[in-house]
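Q: I'm new to reading structures, and I'd like to see how the labels get their reasons. Can we go through some together?

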Amino acid sequence: MDMGKLAIAGGKTLRTTPFTAWPMARKEEAVALEDVLTSSKWGGQPFPGKHADAFARKFAEFHTTKYGQCVNTGTVAIQAALRAIGIRAGDEVIVPAYTWEGTVGPVLLVNAIPVFVDIDPDTYCMDARLIEKAITPKTQAILPVHLGMRFADMDEILRIAAKHNLKVIEDCAHAHGGMWKGRGAGSMGDLGAFSFQSSKLITCGEGGAVITNNLEYMERVQSYINAGRASVTDKYHHRIVGFNYRLGEFQAAVLGPQLDRLPEQAAIREKNMMRFAARLQNTPGIALLKPDPRITRLAPYGYVIKYFSEKVKEIPRASFVAALQLEGIPCDGLFYEPVYKSSLFPVDPNDYPALSWGREKPLDLRSMYSCPEADRAAYREAIWFPHQNFLGSTEDVDAITDAIHKVLENIEELRGLDHKAIRNQKLGRADRES
Ligand SMILES: Cc1ncc(COP(=O)(O)O)c(C=O)c1O
């Protein structure tokens with residue numbers, strides 16, 4: 001077999017050393033864990049745990065809000081936020097088509113109905129221009145996601161919400177530390193929901209938080225995630241059925257040092273990302289997401305670029321991404337799908353009765369939507385680089401751009417090539433061969 005230049009075609013791998021490992025732990029995490037270990041207070045009781053409480057206050061303040069509460073996952077953070085604003089069975093909640101399934105699952109879990117809108121090709125976030133068309137008399141809330149490295153257009157979303165008397169929950173699972181016109185991610189809507197799952201910018205393995213400026217909402221969140229017990233302040237005396245969604249103290253303990261380290265890490269990422277963007281300028285077939293000056297502090301969970309196969313001899317994204325991976329660059333193409341098409345969203349209307357209420361036939365969420373921009377991003381265009389690729393040296397960043405240029409220069413080697421990495425790139429993350 002002829003050896004190509006590309007590693008995927010038998011050539012030399014461009015990058016053989018690993019990028020910065022994530023999650024990252026230092027001695028501060030060990031000290032905090034030791035403190036929990038010897039304290040005999042491992043759970044979230046008495047509520048809220050010492051570490052969870054201290055972190056939640058700091059985290060809320062960091063995002064310019066008054067109140068914060070840790071929970072055990074980001075999915076639960078969204079669920080608790082939906083409960084806090086009083087979403088009930090049969091209500092409709094507007095969500096973006098292109099996101100992680102965990103944005104949408106909680107809407108179904110409270111027996112409400114997700115209504116999908118397409119994304120803005122400039123940001124890959126919910127397209128605010130399409131929201132009003134999706135509003136019906138049953139709509140109660142908008143649930144934008146600040147996806148990847150951009151914000152949903154909060155100016156427009158807040159304007160539309162005020163006009164139609166809707167609530168807003170910001171899914172900030174990608175946006176730790178992000179700011180929009182000086183306001184923290186999660187502080188502009190009624191509540192903000194964060195995830196601390198392993199891949200996130202602050203992580204404790206699994207975890208989440210809800211932030212808000214509204215004490216009544218915070219009290220409901222606290223009751224809901226603490227088995228229905230009274231909230232810490234209990235000013236509004238709400239009593240609801242709740243569940244145990246508390247965050248344990250081992251996990252809460254490592255969040256403090258992670259938050260302390262975020263500004264320093266954000267600065268490294270930002271510097272590296274600027275270099276990355278500069279080196280990718282004028283690269284044929286590659287475009288960057290449009291910058292938005294309203295984002296006053298960047299929170300890049302993933303650096304997202306666009307790949308245009310029509311400008312590179314019709315070589316599909318799956319082949320391009322697989323070739324980059326084989327050059328030693330962690331990246332992904334089919335990172336998210338339009339949620340309603342995903343194999344992780346096999347909605348059975350028998351499980352979610354509100355989908356049938358008042359209708360002859362239940363809503364078929366899997367087939368009733370068409371979101372061409374989400375399709376384009378998901379299946380052809382978007383390439384995601386994990387944030388930790390940008391936490392290292394200048395050489396790390398240059399390896400990524402060098403690999404992109406190498407693959408583009410030798411793109412013909414990919415024509416007709418079959419490789420497991422290419423086959424995997426045609427599948428969603430949950431369906432790949434290991
Ligand atoms: C956009 C988005 N929303 C929600 C979630 C749910 O968070 P978790 O995995 O902590 O439940 C995630 C993360 O996985 C996410 O990326």
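A: Sure. Let's start with Ser 195: an N or O atom in its side chain sits 2.7 Å from an oxygen atom of the ligand. The protein covers 92% of the 380 Å² of accessible area that the ligand has on its own. Keep in mind that this is a predicted model.

Q: What makes the pair formed by the side chain of Ser 195 and the ligand a polar contact?

A: A polar contact needs a pair of N or O atoms within 3.5 Å. The Ser 195 pair is at 2.7 Å, so it qualifies.

Q: Which atoms of the ligand pair up with Thr 103 and His 174?

A: For Thr 103, a nitrogen atom of the ligand lies 3.4 Å from an N or O atom of the side chain. For His 174, an oxygen atom of the ligand is 2.9 Å from a polar side-chain atom.

Q: Which residues come nearest to the ligand, and which helices help to build the shell around it?

A: There are 16 residues around the ligand, and those that come nearest are Gly 74, Thr 75, Asp 171, Ser 195 and Lys 200. As for helices, α3 (74–84) and α4 (101–109) each give at least two residues to the shell.

Q: How do you know that Lys 200 has no salt bridge?

A: Look for the nearest side chain of opposite charge: that's Glu 206, 7.6 Å away. A salt bridge has to be within 4 Å, so Lys 200 has none, although it is buried.

Q: What does Lys 200 touch, then?

A: Its side chain makes a polar contact of 2.7 Å with the side chain of Gln 197. Leaving aside neighbours within four places in sequence, Lys 200 is also in contact with several residues, including Trp 22, His 174, Ser 195 and Tyr 301. You'll find Lys 200 in the loop between β8 (191–195) and β9 (208–212).

Q: Why is Thr 99 called buried?

A: Its relative accessible area is 2%, and buried means under 20%, so the label fits. Thr 99 belongs to the loop between β2 (92–96) and α4.

Q: Which side chain makes a polar contact with the side chain of Thr 99, and which residues farther along the sequence does Thr 99 touch?

A: The polar contact is with Thr 103, at 2.7 Å. Beyond four places in sequence, the contacts of Thr 99 include Val 104, Leu 147, Tyr 336 and Glu 337.

Q: Why is Thr 64 called partly exposed?

A: Its relative accessible area is 37%, and partly exposed runs between the 20% and 50% cut-offs, so Thr 64 belongs there. Thr 64 is in the loop between α2 and β1 (67–71), and it has a positive phi of about 55° although it isn't a glycine.

Q: What about Lys 313: why is it partly exposed?

A: At 48% relative accessibility, Lys 313 is under the 50% limit for exposed and over the 20% limit for buried, so it counts as partly exposed. Its phi is near 55°, a positive value in a residue other than glycine. Look for Lys 313 in the loop between β12 (302–307) and α9 (317–326).

Q: Where are the cis peptide bonds that lead into Pro 46 and Pro 48?

A: One goes from Gln 45 to Pro 46, with omega near -5°. Another goes from Phe 47 to Pro 48, with omega near -15°. Pro 46 lies in the loop between α1 (27–39) and α2 (50–62), and Pro 48 is found in the loop between α1 and α2 too.

Definitions and conventions:
Residues are numbered from 1 along each chain as its sequence is written. This is a predicted model: local features need pLDDT of at least 70, side-chain atom pairs count only at pLDDT 80 or more; totals for chains, interfaces and linings use all residues. Side-chain values use heavy atoms; hydrogens and water are left out. Helices (H or I, at least four residues) and strands (E, at least two) are DSSP runs, numbered from the N terminus. Buried means under 20% relative accessible area, exposed over 50%, partly exposed in between (1.4 Å probe, protein chains only). Lys and Arg count as positive and Asp and Glu as negative; His and the chain ends are not counted. A polar contact is a pair of N or O atoms within 3.5 Å; within protein, one must be able to donate a hydrogen and the other to accept it, and residues adjacent in sequence count only if both atoms are side-chain atoms. Contact means heavy atoms within 4.5 Å. A residue is near a molecule or strand if one of its heavy atoms lies within 4 Å of it. Accessible areas come from the Shrake-Rupley method with a 1.4 Å probe; for residues, only the protein chains shown count as cover.
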